[in-house]
Structure formats: structure tokens, C-alpha cells
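Let's take a walk through this model together, beginning where two helices meet and then moving on to the sheets. Have a look at the structure first.

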Amino acid sequence: MRLHVVTGKGGTGKTTVAAALALTLARDGARVLLTEVEGRQGIAQVFGRPPFPYAETELAQSGRGSVHGLAIDPKAALLEYLEVFYRLGRAGRTLERLGAIDFATTIAPGLRDVLLTGKVYDALRQRADGRRGDGSPAWDAVVLDAPPTGRIGRFLNVNGDLAGLARLGPIHSQAESVMAVLTSPATAVHVVTLLEDMPVQETCDAVADLGAIGLPLGTIVVNQVRPPLLNEADLAAAGAGTLDSRAVGDALLGALAQAGVTVTVPADTLVTALIEQAGEHARRVDAEDVQRNRLVELGLAIVDLPQLAGVAEGMDHAALNELADRLSQPVNSRVPAVSRPAR
Amino acid sequence: MTELAIDGLLDDRDCRVIVCCGSGGVGKTTTAAAVALRAAERGRRTVVLTIDPARRLAQALGLSELDNTPRLVAGLDTSAGGSLAAMMLDMKRTFDEVVEAHSTPEKAQAIFDNPFYQSLSSSFAGTQEYMAMEKLGQLRVQTDPATGKPLWDLIVVDTPPSRSALDFLDAPQRLGSFLDSRFLRLLSAPAKVGGRAYVKVLSAVTGGLNGIMNRVLGAQMLTDVQSFVSALDSMFGGFRQRADQTYAMLAGPQTAFLVVAAPEADAVREATYFVERLRAENMPLAGLVVNRVTASTIDRLSAVEAARAAAAADSPAREILQIHARRMYRRDSEARVMARLSRLHPPVPAAVIAARPIDVTDLDGLRSVAADLARAEPLPSAPAVA
């Protein structure tokens, strides 16, 4: 597997997962290129770096390998493309001044996506020595932090929109080459989700869309998983509000006393609130099980990433490495990793 | 940080438009729906324009289909004289309506058939934002046929899940200036010459650049774009003018912006940025809503204490204490992130909405979200680093 495409609904942490995956892939000595295409500079942010220029930038050593970042810009990609194929020189700048580059990269159907995916394709073919043809590749793997689930099918289906407009010519053949790589076994599209209704719905929709286009699906990454506390019977009782509040209350107060904790809240208020929180926990676990079952039905490998302490405050390198640890097994071997059976 | 007085805003009859904006995944749609519901039950004739609601939230609002017109929501308390209608934006259909309104039927059909129009109306980055604003403009001028008065006295708008918060303000402008660009004018001008002459003129003007465009994009594409531009030509002024009108309306005294955030680093950074941007543009910022905030009614039992007591307990008391400890760790972590919002100067009125154990999917859920908003709990103060 050389090209890993990572998508997911906004807010599910797809950039973080793409970054952790790049670190995972690099550990055994690989040179990994981590790319983004939406002009958000999300990769730089995840690694706590200032925004990148339009060039590969080394981000981190990981094990014996390294991760490099590249923020692909469609305008720069088009100018570069014109330069390479047509040696435009000043004419390229004239096109830019006239607004032709803006035009080509914003409205021409699918052209923007061909340029962006084309740049990823170029990175895959790039040789370590910079020449053309066979030779050891510059990048052992490329991870693409792709557009979100709502746009991913259109983005990757580079032949679709363009077919009616550019039936011939270099853009057309470029699109065909890109599509050949995207639909080959060298590619896997991973979908990041949370155990919530809307991200799971978008995951199911994206899996159906991508499958219809013939793109190879990889792993469903369930992000920010909080393992359930309480055993099955207690969860059920807490959810139904039938926990023995007297016995549990005595145990809670006993434990607090034993630990030397005094709380300036009446004992029964404290116990009621703690038991109510357990009930909310149980209802959340139930709701998450429903969502997990929908994911299991997709029949793809699933890997869970834990919600890390302090996740609200953002990622740091240690946290990324922790996620990379979790990704290292299942994603490479594609073993399903369903954390617990649904009740 | 001051507290956001949402009821004051909803009861202010001069407030006619509330725009909910923020980054993706923070609960904008839920917030917009909750605000609209509360306004309706406080007596406003309200319509909420949603962009892409979760399926079950859409059902709760009675939006079973995407038909681009407001539908009355059933199950409301209308004793105060208000009402709530909801609609889901159909971007392409809204664009089609704009085209129809500005051209003859034959011209409109030529535009609809053009592949560039199909691309522009369904995938141009910013079209969704532009059409949301277009729809807002339409709702704004709708009148009740019986009384001649405005049909809606409050419009609550949810904004599209933009790649960045910027898109929302910039897109109308961008689409307008794009359609007005020199390049498009260059392409459209020769069309008036007619027939194949345009190729010559274009060649002369651009010094063979069209040849390059032809080679890169294919001749068919250039022809398509040329006919598209000439068909749209009559509407150029319209687009620009409407974008300007929309901008002026957003900046006006009858509009209020609510920036929606979640207590996470990325969302807080986006929200901070958006607040600064709105201020720089002199947009009427009403406040900040932080959604899905972890809370506990017994915050006097700290995470560390609960974890220590859990170590001394047996199941299930152990896990019940762990549940509390986990919640308090999360709460403290969120509070540190939200403290970044208090660096905003001058301070922004803010309110928090507590996280729910399960997704909000019915009117009661929306009511309770709105009640949180109205309670105007201040942002929690940042605890010392544990």
C-alpha cells in the first residue's frame, strides 16, 4: 500500500488521524509524505509548525523513518504544470494576471481536483534521485489528508466531471493516469468517524459512493473512543435507573471517606448526582453501540483510537505518537478491531 | 467575559436576522434550530434556514424532503402568537431560480444545459454560501399576501460547513468578482462579434494564449465556457449588485451574528479568528455560543479526589467514581481551552450549552438546548493545571 487517503466528516479529527498514520508508516524506516489539499494548513497546525511554503518540509523523525509535509495549492500546481509541459515563462504570469488561473482552478469542472490529485500522483512517481523513469521512489508512502466525506467522492472521481469537457489532451490523459492509480490496490481510502449519528451517516454514505466509483476502501477509524466503564449488568441498571441507590450510595460514601475526601455537598445530593451521571454514561454507551453496529455492517476493518486526556486542548507530539502506536497494528494488517460486542 | 442575553435578542423586534456561524462539526445547525424554536415560542414568526441537518434533526423539524421552501413545524407552543417554519437549502435549485428570475426562458435553458453552469451551481467552492445568502435575501422580502406585511419577522440562518470561517463572508464577493473577471470578459467579448471570428479576435487579444488553453483544456471546453459566459452576461450586474446588497444587509443593525464553537482547540481557534474577522468587517456580533460543554452538578468533587476514592472502592462504586473523574478531567481540560476565548478584546458576550449524553433529535431536546442558552451560564473559569 503506497497511497493512503484519509477522509471523514468535519470535526472528526481526520487531519490528526492522517498525521498519526504518517508517523506509523514511517516507523520502520520509510520516508512518508503527508499532504493536504484544502489550503487550511492543518498539517502544520497539528505538528505545531508555522504554515508551510509550497514545498516539502520535514516534520518529524519517526522510528527509523521520517514524515514530510506538503500543502498542495491548485494555482501553484497549475502554473507548475504549465511550466513543465509548455515552458510558459512570462505567459504563465500573464494568464495569472488575466484571472485565467483563478478561472481554471475554481470553476472548470473537476480541473482543480485533477491538479490536486495529479500532484499526489506525481509525488508517488517521484524518484529519489529526481530523474524520470524507474528507480527507487522518493516516497515510500504518501498520506493524503483529503476533503471531508461530503466531497470525497467527487474529489477522487477525477474522470467523472472532466470526461465531458476534456475528452482529449494532456489533462484528460493525466486524469486517466491518476484514476488508474487511485483505483489500484496500491491505494486505500480510510474514513474517520466518531460514534455519533451524523459522522456515522456520512461514513456510510461515503463508503457507498466510493465503492460505486471503484475506489479501494481501507479502514474505518473510530476516533475519540471512550471505553465503557461498569459491567454489562450495571450499565443496564444505571441506564434504566434501577441501581440499588442505598447500597451503591453507602459504597460511594465509604470510598470517599476512606480516601479522606470531604465534599461540601449533602450526602444524598452527592449520591444522586453520581448515580445520575452513571445513567447518562449508560445511555451514551447504548447510543454509541447503535452507531457502532451501523459501522460493523459496512464489513470493513475498524480500528478504535482512544480519546486522549487533554484532547480538548489540542494535539502535541506525544499525543500523536500515542495514536500512531494504536494505528500501527490494525491498519497495516487490516485486522478488524471491534472493541466490544454490541449488547 | 460577559453573559449572552439571548432572550433579550429574541424579544428585540428590530432584530430580524440571526446568523449562526462557526467551523464544521460544532453543532451550528442544532444551535440555529434551538434559537429559532425559542424565538417562535416567545412570539416571533420565525423561519430557520438550515444547510445540511442531521437526518433525525431534520425529521424533528418536519423536513422530510429537500424542497427549498419553508414548511411549518408542528408541535410548538404557539400561545405567545409566534410560529416556526423550517427549510433546507437546495443550492442548485436556488441558483436555478436566480437564473430564471434574470433571463428569458430560452436563455435560462441554454444556461442550465451548459456543463459550466452545472459545475458552478453544484460544486463551485462558495456557491453554497452564496446561495444561502441569496435565499436569506428572498426570505427577507417575502410578504404575507393577506396583510402585505413581511411573512417572517425573524430569520435564523445556519451557515454552510465551510473549509474556513472566511468563506462565508467572502464567497458572495468572490463569486461576483469571478463572474466579472477580466478573463471572462475577454472570453465573452468575442462572442458578440459572432461566429468563428471570435477565435481570431481572441488570438489577437491574448497573443495565442487561447491556443495554450485549447491545448490544456481541449477546444470543446473553451467553446462551452464561451457560450456560458455570453449567456450569463446579462446577469453579471445582477450578481454583483446582489452580493453587495447581501453584504450591506449582514452589516446592518437588524442582523445579529452568533459565533458557535465547541470546547476544543481547533474550534476555539476558528471561533477566535471569526470573532476578530467579524469585528474587522464591522459586522454586528451578538455573542459566542460554546456547544457541547462537559458539565457536572457536583463539581466540588474534583477529578483527583474522585479517582483517589475510586481506588478505594469496589465495583460498581469504583466505576461510578471513575465516570465522575473522567468527566471532571474533561471539564477541566475544556475550561483551559475556553479560557483562550477570554483573551478576546473587548470581551464577547458568551453562553455555554451542556453536552448531552445523546444527540438532540426532537423538539424537547431543542427546547432544553435553548434553555441552556437562555440561562447564560458564564464560561467556566480555568482551573489550575492538574
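## Where chain A meets chain B

In this predicted model, helix α13 of chain A (residues 267-296) packs against helix α16 of chain B (residues 317-339) at an angle of about 80°, and their axes lie 9 Å apart. Angles of 65 to 115 degrees count as roughly perpendicular, and therefore α13(A) and α16(B) are described as roughly perpendicular to each other.

Which residues make this contact? On the α13(A) side you will find A:Leu274, A:Ile275, A:Gln277, A:Ala278 and A:His281, while α16(B) contributes B:Ile320, B:Ile323, B:His324 and B:Arg327. By character, the residues of the contact of α13(A) with α16(B) are 5 nonpolar, 3 polar and 1 charged.

## A second partner for α13(A)

Helix α13(A) also packs within its own chain. Helix α11 of chain A (residues 232-240) crosses α13(A) at roughly 110°, and the two axes come within 7 Å. As with the pair above, α11(A) and α13(A) are therefore roughly perpendicular to each other.

From α11(A), the residues involved are A:Leu235, A:Ala238 and A:Gly239. They meet A:Ala278, A:Gly279, A:His281, A:Ala282, A:Arg283, A:Val285 and A:Asp286 in α13(A). The contact of α11(A) with α13(A) divides into 5 nonpolar, 3 polar and 2 charged residues. It is worth pausing on A:Ala278 and A:His281: they belong to the contact with α16(B), and they also appear in the contact with α11(A).

## The sheet of chain A

Turning to the strands of chain A, we find an open sheet of 8 strands with mixed pairing, in the order β3-β4-β2-β5-β1-β6-β7-β8. The edges are β3 (57-62) and β8 (301-306) of chain A; each has a single partner strand, so one side of each is left without a neighbour in the sheet. From one strand to the next, the twist averages 25°.

At one edge, β3(A) runs antiparallel to strand β4 of chain A (residues 65-71), and 5 bridges join them. A:Thr57, for instance, has A:Gly69 in β4(A) as its bridge partner.

Two helices of chain A lie across this sheet. Helix α1 (residues 14-26) lies across β1 (3-8), β2 (31-36), β3, β4, β5 (141-145), β6 (187-193), β7 (217-225) and β8 of chain A, and runs at about 175° to β5(A). Helix α6 of chain A (residues 111-125) lies across β1, β2 and β5 of chain A, at about 165° to β5(A).

## Chain B as a whole

Chain B has 386 residues, of which 49% count as buried. Its secondary structure comes to 17 helices and 8 strands. Taking contacts in chain B between residues at least 6 apart in sequence, 78% join residues at least 24 apart.

How are the strands of chain B ordered? They form an open sheet with mixed pairing, running β3-β4-β2-β5-β1-β6-β7-β8. Here β3 (71-72) and β8 (350-354) of chain B stand at the edges with a single partner strand each, so one side of each has no neighbour in the sheet.

## Inside the sheet of chain B

Strand β2 of chain B (residues 45-50) is mostly covered, with 5 of its 6 residues buried. It runs parallel to strand β4 of chain B (residues 83-88), joined by 6 bridges, and β2(B) also runs parallel to β5(B), joined by 4 bridges. B:Val47 has partners in both neighbours: B:Ala85 in β4(B) and B:Ile155 in β5(B). B:Leu49, meanwhile, stands opposite B:Met87 in β4(B).

Further along, β6(B) is mostly covered too, with 6 of its 7 residues buried. It pairs with β1(B) in the parallel sense over 5 bridges, where B:Val17 stands opposite B:Thr255 in β6(B). On to β7(B): 5 bridges join β6(B) to β7(B), and these strands run parallel. B:Val259 stands opposite B:Leu288 in β7(B). Between β6(B) and β7(B) the chain passes through helix α14 of chain B (residues 265-280), and this β-α-β crossover is right-handed.

Note on methods: Residues are numbered from 1 along each chain as its sequence is written. Chains are lettered from A and ligands numbered from 1 in the order in which they are written. This is a predicted model: local features need pLDDT of at least 70, side-chain atom pairs count only at pLDDT 80 or more; totals for chains, interfaces and linings use all residues. Axes are lines fitted to C-alpha atoms, for helices over the stretch in contact, and angles run from 0 to 180 degrees between N-to-C directions. Angles under 35 degrees count as roughly parallel, over 145 as roughly antiparallel, 65 to 115 as roughly perpendicular and the rest as oblique. Two residues are in contact if their C-beta atoms, placed from the backbone, lie within 7 Å. Ala, Val, Leu, Ile, Met, Phe, Trp, Tyr, Cys and Pro count as nonpolar, Asp, Glu, Lys and Arg as charged, and the others, Gly among them, as polar. A residue is buried if 20 or more other C-beta atoms lie within 10 Å of its own, exposed if 12 or fewer, and partly exposed in between; C-beta atoms are placed from the backbone. Two strands pair if DSSP finds at least two bridges between them. A crossover is right-handed if, with the strands pointing away from the viewer, the path from the first strand over the helix to the second runs clockwise.
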